Amino acid sequence: MRLNLKDIINVPGASASFDFQMDLSDLEFYGETPAMQPIHVIGRVRNAADALLLEGEAVTTLSLTCDRCLKPFTEEQIVSLDALLATELENEENDDIILLDGDELDLDELVREAFVLSMDTKHLCSENCKGLCSGCGVDLNHEVCRCKPEVDPRLASLAKLLEDKD
């Protein structure tokens, strides 16, 4: 979505609101496409003493897979949108200011970038997820590990005696 800011650029105190839905189902993170539901983007751009300030948020529900137990789960993702906008830059090296394209702002690009930067690298279904046993593969959240405890090599002969006794 392109937001035309022509009416507020030179009017201190003026603002322009935006409210739209965006599809980011094409974004892939580590082999997954978590943003299968539309992203609701809402906010406004206001002229505060000749500085254009964008404030808003993007909200969606992500479809993820737990990195520990491999179960699918959903999680609400709220991305804060805060940016300083300008029609021209005095210093070309300033990465904190977003340059307008004429009188317009490409909100799709801004939201996509903010969304990508806010994604976690690790997804857990819960903070205390125990995951899968690396030996037998059981889900430790629901079952007890079936692996036999490893015997200290120094005590292997004694362990063999106990096995023979059974």
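This report describes the nonpolar core, the largest pocket and several individual residues of a predicted model.

**Nonpolar core**

The largest nonpolar core comprises 38 residues. Within this core, the most contacts belong to Leu 5, Val 41, Val 45, Leu 54, Leu 85 and Phe 115. At least two core residues come from each of strand 2 (15-22), strand 3 (39-48), strand 4, strand 5 and helix 1 (107-118).

Val 45 illustrates the packing in detail. When residues up to four places away in sequence are not counted, Val 45 touches Leu 3, Leu 5, Ile 8, Ala 14, Ser 15, Ala 16, Phe 18, Leu 52, Leu 53, Leu 54 and Leu 85. Phe 18, one of these partners, also takes part in an aromatic pair with Phe 20. The count of such pairs comes to 1. The ring centres of Phe 18 and Phe 20 lie 6.5 Å apart and the ring planes stand at 50 degrees, so the pair is classed as tilted; tilted pairs are those between the limits of 30 degrees for stacked and 60 degrees for edge-to-face. Phe 18 is buried at a relative accessible area of 2%, and Phe 20 also counts as buried, at 11%.

**Strand 4 and its surroundings**

Two residues of strand 4 (residues 51-65) are described here, Ala 58 and Thr 60. Ala 58 is buried, with a relative accessible area of 3%. Its C-alpha atom is separated by 5.0 Å from that of Val 79, although the two residues are 21 residues apart along the chain. Neighbours within four places in sequence aside, Ala 58 is in contact with Ile 39, His 40, Val 41, Gln 77, Ile 78, Val 79, Leu 81 and Val 111.

Thr 60 is likewise buried, with a relative accessible area of 3%. A polar atom of the Thr 60 side chain lies 3.3 Å from the backbone oxygen of Gln 37. Gln 37 is also among the contacts of Thr 60 beyond four places in sequence, together with Pro 38, Ile 39, Glu 75, Glu 76, Gln 77 and Phe 115.

**Loop residues**

Leu 70 lies in the loop between strand 4 and strand 5 (72-86). Its phi is near 65 degrees, a positive value in a residue other than glycine. At 55% relative accessibility, Leu 70 is exposed, because the threshold for that class is over 50%.

His 123 belongs to the loop between helix 1 and helix 2 (156-165), and is buried at a relative accessible area of 8%. The His 123 side chain reaches the backbone oxygen of Asp 120 at 3.4 Å. Outside a window of four places in sequence, His 123 is in contact with Leu 64, Thr 65, Cys 66, Asp 67 and Phe 73.

The accessibility values of selected residues are set out below.

| Residue | Relative accessible area | Class |
|---|---|---|
| Phe 18 | 2% | buried |
| Phe 20 | 11% | buried |
| Ala 58 | 3% | buried |
| Thr 60 | 3% | buried |
| Leu 70 | 55% | exposed |
| His 123 | 8% | buried |

**Largest pocket**

The largest pocket has a volume of about 430 Å³. Its lining consists of 21 residues, with Ala 83, Ile 98, Glu 109, Leu 110 and Glu 113 lying nearest the centre. Strand 5, strand 6 (97-99), strand 7 (104-106) and helix 1 each give two or more residues to this lining. Helix 1 provides the largest share, 6 residues.

Technical notes. Residues are numbered from 1 along each chain as its sequence is written. This is a predicted model: local features need pLDDT of at least 70, side-chain atom pairs count only at pLDDT 80 or more; totals for chains, interfaces and linings use all residues. Side-chain values use heavy atoms; hydrogens and water are left out. Helices (H or I, at least four residues) and strands (E, at least two) are DSSP runs, numbered from the N terminus. Buried means under 20% relative accessible area, exposed over 50%, partly exposed in between (1.4 Å probe, protein chains only). A polar contact is a pair of N or O atoms within 3.5 Å; within protein, one must be able to donate a hydrogen and the other to accept it, and residues adjacent in sequence count only if both atoms are side-chain atoms. Contact means heavy atoms within 4.5 Å. A nonpolar core is a set of buried Ala, Val, Leu, Ile, Met, Phe, Trp, Tyr and Cys residues joined through side-chain atoms within 4.5 Å. Rings of Phe, Tyr and Trp (its six-membered ring) pair if their centres lie within 6.5 Å; planes under 30 degrees apart count as stacked, over 60 as edge-to-face and the rest as tilted. On a 1 Å grid over the protein atoms alone, a cavity is a set of points where a 1.4 Å probe fits but cannot get out, and a pocket is an open set with protein on both sides within 12 Å along at least five of seven lines; lining residues have an atom within 4 Å of a point. Grid points are joined across faces, edges and corners, and a volume is the space filled by probe spheres set on the points.
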